[in-house]
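Reader: I would like to learn how to read salt bridges and surface patches in a model. Could you walk me through them?

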Amino acid sequence: MTVDSLLPDPWPEEVAAALDIWRQGHLIRGDLGAWLATAGCVDLVTGDDFSDRGGGLLAAAAEIGDTGYFAVVSQTCDIAAAGPGRRHPFVQVCPVRDLEAAAFSPQKLQQARDGELVEYVYLTRPPVTGKEWAIDLRMSVPLSKGSLVGSRPIEGFGSEEDELGLAARIGAKFERPALHDYLSKDLTDALSVLVTKARKVSADWCEDVEQFRLEIEGPRLVPKRVRLVVITDVSFSSPLQLPRKHALRELWKAQKRPMKRVGIEQAPIAFRHIEDLKAKDYRNSIPLSIPALGRGRFD
């Protein structure tokens, strides 16, 4: 059997009509998740005990999450029965978590609201009023589209912009480029902290930063030289705008010594107005995911 074996041919008209009302970000009731675990032993990560079941992999299942909901994370085109969706018998769904039940600290809860936690996408309109719920991107499971046909979609977001934010977060998580550990962790964390602090004091410079990118000389995992490129909505080159560069210049300056310790040479920071950015320069640079900027994907 292959995935093709599970596709209806043709798709029934009533199924196609029922799927057309669904889109990425909709919720469906459910709490049973499934995954593959190691057979012939106790799985060293999940703890599943299949020691009496031979070797290889076996399917395990359990109630996942604490809200009784899953969120559809497949792109909307793949949900339909037409276009690319006709080749997909499944959609991917992720569990919805209750952040209060997860005992998040007030600080971590605020980070989830602000989109600063890579694993969680905050629901701006959960189906239960007053709840602090978020989609947990750490686990996705295939769901038969037949389950969507027999259910009505449940809204989880307050606007189309919020739903597009979900798409951006999914893309950022699964398309993060392979980079040297210092760039993917230390530098990214430093930029996130800087932007978060700037927003708390209403610093205006971060409102006009569209994205951070890296120009890298040499292999991405073992770079020789790296430049931080700041893509801005307005030009930071005019004399009146020069003070707005200060915070980012100071951060980049502070990164020079630790980068040198791990063998990375630092090139001067660059500010690029989006209207002046050359396609070649954009294509040859790598985006960094900084959810605190509050922007979607820009690629």
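Author: Happy to; we will take the salt bridges and then a surface patch, keeping in mind that this is a predicted model.

Reader: How many salt bridges does a search of the whole structure find?

Author: A salt bridge is called when a side-chain nitrogen of Lys or Arg lies within 4 Å of a carboxyl oxygen of Asp or Glu. Here the search gives 13 salt bridges. Among them, arginine 244 pairs with aspartate 208 at 2.6 Å, N to O.

Reader: Which parts does that pair tie together?

Author: Arginine 244 sits in the loop between strand E10 (225-232) and helix H7 (246-261), and aspartate 208 in the loop between helix H6 (181-200) and strand E9 (209-217), so the pair links parts that are 36 residues apart in sequence.

Reader: Are these two residues buried or exposed?

Author: Buried means under 20% relative accessible area. Arginine 244 has 12%, so it is buried, and aspartate 208, at 19%, counts as buried too.

Reader: Where can I look for another salt bridge?

Author: Try arginine 225 and glutamate 265, whose side chains meet at 3.1 Å, N to O. Arginine 225 is in strand E10 and glutamate 265 in strand E11 (residues 265-266), so this pair ties together parts 40 residues apart in sequence. Arginine 225 is partly exposed at 22%, and glutamate 265 is partly exposed at 40%.

Reader: And which residues make the nonpolar surface patch?

Author: Met1, Val3, Leu6 and Phe90 make a patch of about 430 Å². Methionine 1 lies in the segment before helix H1 (13-19) and is exposed, with a relative accessible area of 85%.

Definitions and conventions: Residues numbered from 1 in each chain as written. Predicted model: local features only at pLDDT ≥ 70, side-chain atom pairs only at ≥ 80, totals over all residues. Heavy atoms only, no water. Patch = residues over 30% accessible without salt bridge, like charges linked within 9 Å, V, L, I, M, F, W, Y side chains within 5 Å. Areas by Shrake-Rupley, 256 points an atom, 1.4 Å probe, with all protein chains shown as cover. Helix = DSSP H or I, 4+ residues; strand = E, 2+ residues; numbered from the N terminus. Buried < 20%, exposed > 50% of the residue type's maximum accessible area, 1.4 Å probe, protein only.
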